[in-house]
Amino acid sequence: MNGGDAEEARAELKKPFLHTGSWYRMNPGPGKDPIIGGSSMVIGSRQSSIFGSVANLRDSAISIVFCVLVVALGPIQYGFTCGYSSPTQSAIIRDLGLEVAEFSMFGSLANVGAMVGAIASGQISEYIGRKGSLMIAAIPNVIGWLVISFSKDISFLYMGRLLEGFGVGIISYTVPVYIAEISPQHMRGMLGSVNQLAVTIGIMLVYLLGIFIEWRLLAVIGILPCAILIPGLFFVPESPRWLAKMGMMDACESSLQVLRGFETDIAQELAEIKKSVASSSKNTTIRIAHLKRKRYWFPLMLGIGLLILQQLSGINAILFYSSTIFESAGISSGAIATFGLGSIQVVATGVATWLMDKAGRRVLLLVSSIGMTVSLLLVAVSFFLEGVISKDSSFYGMLGILSVIGLVGMAITFSLGVGPIPWIIMSEILPVSIKSLAGSVATLANFMTSWGITMTANLLLSWNSGATFAIYTVFCAFTVLFVGAWLPETKGKTLEEIQAFFR
């Protein structure tokens, strides 16, 4: 091999890190041309030895599942961040001599950092791609957990929490968008639900580990999801729709072929993507006046509305103060009960993942929001009755059980629809031309609402627990009306068909 050939071979070996999905195509099969999408593949023994173990990923379903499992490490990190405050509260307050108000601020700062991350997420994802955005998001998460684990005073806790939140804000927008853009239409709902399933797994894990592990070591363990995500991103293809929007059509074709399998004809889907990109690029500058058009304001209203209503249900306040709520209901071990609640959420979200492409988004959202309304109403009534029924009454002891049943019902029904589906809807309905800006706004609205609910929950619960849950009940009831009146069904439709609906 002469010097020029050796240099070319070395360049080709770098393509797994520079060209989307090229490492999947090391063996195109008998009779197949190794030149796909304009990129010639050098298939040598060195490549086979490095990447031979992943040859089975050529099957389309396995390839997509592998990609989703890799990026799901981001939502696991999100869940770990959300749940970290609950099992560590008493230990951190004791070890660092904090006031309860200082710790409450620590818990809420993740949402503040997430707001900043949400503002940046759309533009970062637009300019450097979905994979690059997740890699950027992973770095502050790792640094944030290290800062918390070595904290000696409140300032380091605050700094670490803000860094974690920033990464979480980017992850929350990018992961559902990436999953929606790589998934075939018949699997998009199921795979999109993995985002919320991973969040609940992260929450459950931190609740479980927090029972046995002290808070500094728990923070170190929090590094693991993103520490695995960073190298994992080198082994998944970039979103073909983002590549097409950037004008990288050869890379788009290669990525789509990887995701659908080498035996699959992608011509029709590729043509739809090209048509959609060509249509959206006719008017690349979006002005405020353009948002008056139904094709823009209607999906934007739906996406933002669902993500705000998701948080107005009070779910994060319930999770954050679950130990306190359980103890006030007469359960002595609030930490174990909270872990049980987290486990129930994982199971319920798993069921939603299975149902998503069978029942549809709209039906699950209606069932979910109705169930949440009934569950929270039961909790509100239980707390109201505690104030008027004598403690000596036999019925008084049942009120704690009723409130726990309501909380468990809330967790289950939230996980069946209102938890996972708003993120799926947001990633499906926003037009390509405004997706980065509108997605950032929707994600920001979600975290701003979450921050407001979390900050006010303790005050409201101290004021009147029954009235607090009654307020959350009203918002859940409004969600039923919102979904019933305006949300179209997106099950079984391509992203291009969904966006054409709003034109």
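1. Asp95 counts as partly exposed in this predicted model, its relative accessibility being 42%. The side chain of Asp95 is paired with that of Arg94 in a salt bridge, with the closest N and O atoms 3.5 Å apart. Arg94 itself is exposed, at a relative accessible area of 59%. The cut-off for exposed is over 50%, so Arg94 falls in that class and Asp95 does not. This pair belongs to a set of salt bridges that numbers nine in the structure.

2. A second pair can be set beside it. Arg161 and Glu164 form a salt bridge in which the closest N and O atoms are 3.6 Å apart. Both residues lie in helix α8, which spans residues 154–182. They are three residues apart, or about one turn of the helix. An α-helix has 3.6 residues a turn, so residues three or four places apart point the same way. Both Arg161 and Glu164 are buried.

3. A further salt bridge joins the side chains of Asp357 and Arg361, at 3.1 Å from N to O. Arg361 counts as buried, with 0% relative accessibility. Through shared partners, salt bridges link Arg188, Asp357, Arg361 and Glu428 into one network.

4. Gly360 is found in the loop between α18 (334–359) and α19 (361–386). Is Gly360 buried or exposed? Gly360 counts as buried, at 0% relative accessibility. Setting aside residues up to four places away in sequence, Gly360 touches Leu355, Glu489 and Lys491. Gly360 and Thr490 are 130 residues apart in sequence, yet their C-alpha atoms are 7.5 Å apart in space.

5. Another pair distant in sequence involves Ala467, whose place is in helix α23 (residues 465–486). Ala467 and Val381 are 86 residues apart in sequence and 9.1 Å apart in space, C-alpha to C-alpha. The relative accessibility of Ala467 is 13%, and the residue counts as buried. For the chain as a whole, contacts between residues at least 6 apart in sequence join residues at least 24 apart in 82% of cases.

6. The interior may be considered next. In soluble globular proteins, nonpolar side chains tend to be buried together. In this model, the largest nonpolar core has 96 residues, and those with the most contacts inside it are Tyr84, Ile92, Ile148, Leu157, Trp215 and Phe469. Helix α7 (residues 100–149) gives the most to this core, with 12 residues. Apart from the largest core lies another core of 13 residues, among them Tyr296, Ile304, Ile434 and Ala442.

7. Which residues are in contact with Leu157, leaving aside its neighbours within four places in sequence? The contacts of Leu157 are Ile92, Leu96, Leu98, Phe106, Ile148, Ser151 and Trp215. Ile92, Ile148 and Trp215 are also listed with Leu157 among the residues with the most contacts inside the largest core.

8. Asn195 lies in helix α9 (residues 188–212). Asn195 is buried, with a relative accessible area of 7%. Beyond neighbours within four places in sequence, Asn195 is in contact with Pro75, Val175, Pro176 and Trp423.

9. In helix α11 (residues 224–232), the residues Pro225, Cys226, Leu229 and Gly232 are buried. They are on the same side of α11, because they cover an arc of only 120° around the axis.

10. At the surface, Met105, Trp451 and Met455 make a nonpolar patch of about 250 Å². Trp451 lies in helix α22 (residues 435–463). Trp451 counts as partly exposed, at 33% relative accessibility. Membership of a patch requires over 30% relative accessible area, so Trp451 meets that condition.

11. Some totals for the chain complete the note. The secondary structure comes to 24 helices and two strands. Of the 503 residues, 57% count as buried. The accessible surface comes to about 20100 Å², and carbon and sulfur atoms account for 68% of it.

Methods:
Residues are numbered from 1 along each chain as its sequence is written. This is a predicted model: local features need pLDDT of at least 70, side-chain atom pairs count only at pLDDT 80 or more; totals for chains, interfaces and linings use all residues. Side-chain values use heavy atoms; hydrogens and water are left out. A nonpolar core is a set of buried Ala, Val, Leu, Ile, Met, Phe, Trp, Tyr and Cys residues joined through side-chain atoms within 4.5 Å. Buried means under 20% relative accessible area, exposed over 50%, partly exposed in between (1.4 Å probe, protein chains only). Helices (H or I, at least four residues) and strands (E, at least two) are DSSP runs, numbered from the N terminus. Contact means heavy atoms within 4.5 Å. The arc is that of the directions from the helix axis to the C-beta atoms. Patches are made of residues with over 30% relative accessible area and no salt bridge: like charges are joined within 9 Å, nonpolar side chains (Val, Leu, Ile, Met, Phe, Trp, Tyr) within 5 Å. Accessible areas come from the Shrake-Rupley method with a 1.4 Å probe; for residues, only the protein chains shown count as cover. A salt bridge is a side-chain nitrogen of Lys or Arg within 4 Å of a carboxyl oxygen of Asp or Glu.
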